[in-house]
Amino acid sequence: MSNDSSRIIESLEIVSESAGDITSEVFRTYHEDCPASAKLMDHMDNYMLGRMMDQVLLLMMEEGEQELSAYLEFETKSHQSYGVEPYMYDNLLNALLKTVRRAAGSQWQPVYQTAWENRISTLLQRISEAEAVAH
């Protein structure tokens, strides 16, 4: 396991202990930061939002880079059919980061910020590559 993955998992454990389930807060932040996504997602119930959050958290924690490309190609193609724009992925991942950082409060450390930024950067690069293939 990489150092970044370990730090991300550690930060999520802190949040889990202090704030519990942050799914609704992540999506509230996301929709505030990206109103166009709120409109696309207005049909989604809590179960669907929870499943989506599970997948996003797995992407943040997992390191299986070879499987990542195929998964993201499938997902970006699927999401394009719903009208998802590339910038919406960036907004979602950063809403997650903001929410985790707020929920961790005084326990947040610079190493967590760096790990999250590194992983988000990697994911956005891979999403961009996957979208290019999906077009």
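Which residues does Ile8 touch, not counting residues up to four places away in sequence? Here are my notes on this predicted model, with that question taken up in point 4.

1. **Overall make-up.** The protein has seven helices and zero strands, so the order of elements from the N terminus is simply α-α-α-α-α-α-α. The radius of gyration is 15 Å, close to the 14 Å that the globule rule gives for 135 residues, so the protein is as compact as a globular protein of that length. Along the principal axes, the C-alpha trace spans about 40 × 30 × 20 Å.

2. **Burial and contact range.** Of the 135 residues, 36% count as buried. Contacts with a separation of 6 or more are worth a look too: residues 24 or more positions apart account for 80% of them.

3. **Helix 1.** This helix covers residues 3-19. Its 17 residues should span 24 Å at 1.5 Å a residue, and the end C-alpha atoms are indeed 24 Å apart. Ser5, Ile8, Ser11, Leu12, Ile14 and Val15 are its buried residues. Right after the helix comes Gly20, with a positive phi near 70°.

4. **Ile8, and the opening question.** Ile8 is found in helix 1 and counts as buried, at 0% relative accessibility. Setting aside residues up to four places away in sequence, Ile8 touches Met60, Met61, Ala115, Trp116 and Arg119. Ile8 and Leu57 are 49 residues apart in sequence, yet their C-alpha atoms are 9.6 Å apart in space.

5. **Helix 1 against helix 4.** The axes of helix 1 and helix 4 (residues 46-61) come within 8 Å and cross at roughly 140°. The two helices are therefore oblique to each other; the cut-off matters here, because an angle has to be over 145 degrees to count as roughly antiparallel. On the helix 1 side the contact is made by Ser5, Ile8, Ile9 and Leu12, and on the helix 4 side by Leu57, Met60 and Met61. By class, that gives six nonpolar residues, one polar and no charged.

6. **Helix 4 against helix 6.** Here the angle is about 80°, and the axes are 12 Å apart. Helix 4 and helix 6 are therefore roughly perpendicular to each other. Met52, Met53, Val56, Leu57 and Met60 in helix 4 meet Leu92, Leu93 and Leu96 in helix 6. The residues of this contact divide into eight nonpolar, no polar and no charged. If you are tracing helix 4 on screen, Leu57 and Met60 are good places to pause: they belong to the contact with helix 1 and also meet helix 6.

7. **Helix 6 itself.** Helix 6 (residues 86-104) has 19 residues and reaches 28 Å from its first C-alpha to its last, close to the 27 Å expected at 1.5 Å a residue. Its buried residues are Met88, Tyr89, Leu92, Leu93, Ala95, Leu96, Leu97, Thr99, Val100 and Ala104. The helix is followed by Gly105, whose phi is positive, near 55°.

8. **Glu131 and Thr76.** Is Glu131 buried or exposed? Glu131, found in helix 7 (residues 110-134), is buried, with a relative accessible area of 6%. Leaving aside neighbours within four places in sequence, Glu131 is in contact with Thr76, Gln80, Pro86 and Tyr89. Thr76 lies in helix 5 (residues 65-80) and is buried as well, with a relative accessible area of 1%. Although their positions lie 55 residues apart along the chain, the C-alpha atoms of Thr76 and Glu131 are separated by 6.0 Å.

9. **Gln113.** This residue is also found in helix 7. At 17% relative accessibility, Gln113 counts as buried, because the cut-off for that class is under 20%. Not counting residues up to four places away in sequence, Gln113 touches Leu97, Arg101 and Trp108. From Gln113 to Leu92 is 16 Å, C-alpha to C-alpha, with the two residues 21 apart in sequence.

Note on methods: Residues are numbered from 1 along each chain as its sequence is written. This is a predicted model: local features need pLDDT of at least 70, side-chain atom pairs count only at pLDDT 80 or more; totals for chains, interfaces and linings use all residues. Side-chain values use heavy atoms; hydrogens and water are left out. Axes are lines fitted to C-alpha atoms, for helices over the stretch in contact, and angles run from 0 to 180 degrees between N-to-C directions. Helices (H or I, at least four residues) and strands (E, at least two) are DSSP runs, numbered from the N terminus. Angles under 35 degrees count as roughly parallel, over 145 as roughly antiparallel, 65 to 115 as roughly perpendicular and the rest as oblique. Contact means heavy atoms within 4.5 Å. Ala, Val, Leu, Ile, Met, Phe, Trp, Tyr, Cys and Pro count as nonpolar, Asp, Glu, Lys and Arg as charged, and the others, Gly among them, as polar. The expected span of a helix is 1.5 Å times one less than its number of residues. Buried means under 20% relative accessible area, exposed over 50%, partly exposed in between (1.4 Å probe, protein chains only). The radius of gyration is taken over C-alpha atoms; the globule rule is 2.2 Å times the number of residues to the power 0.38.
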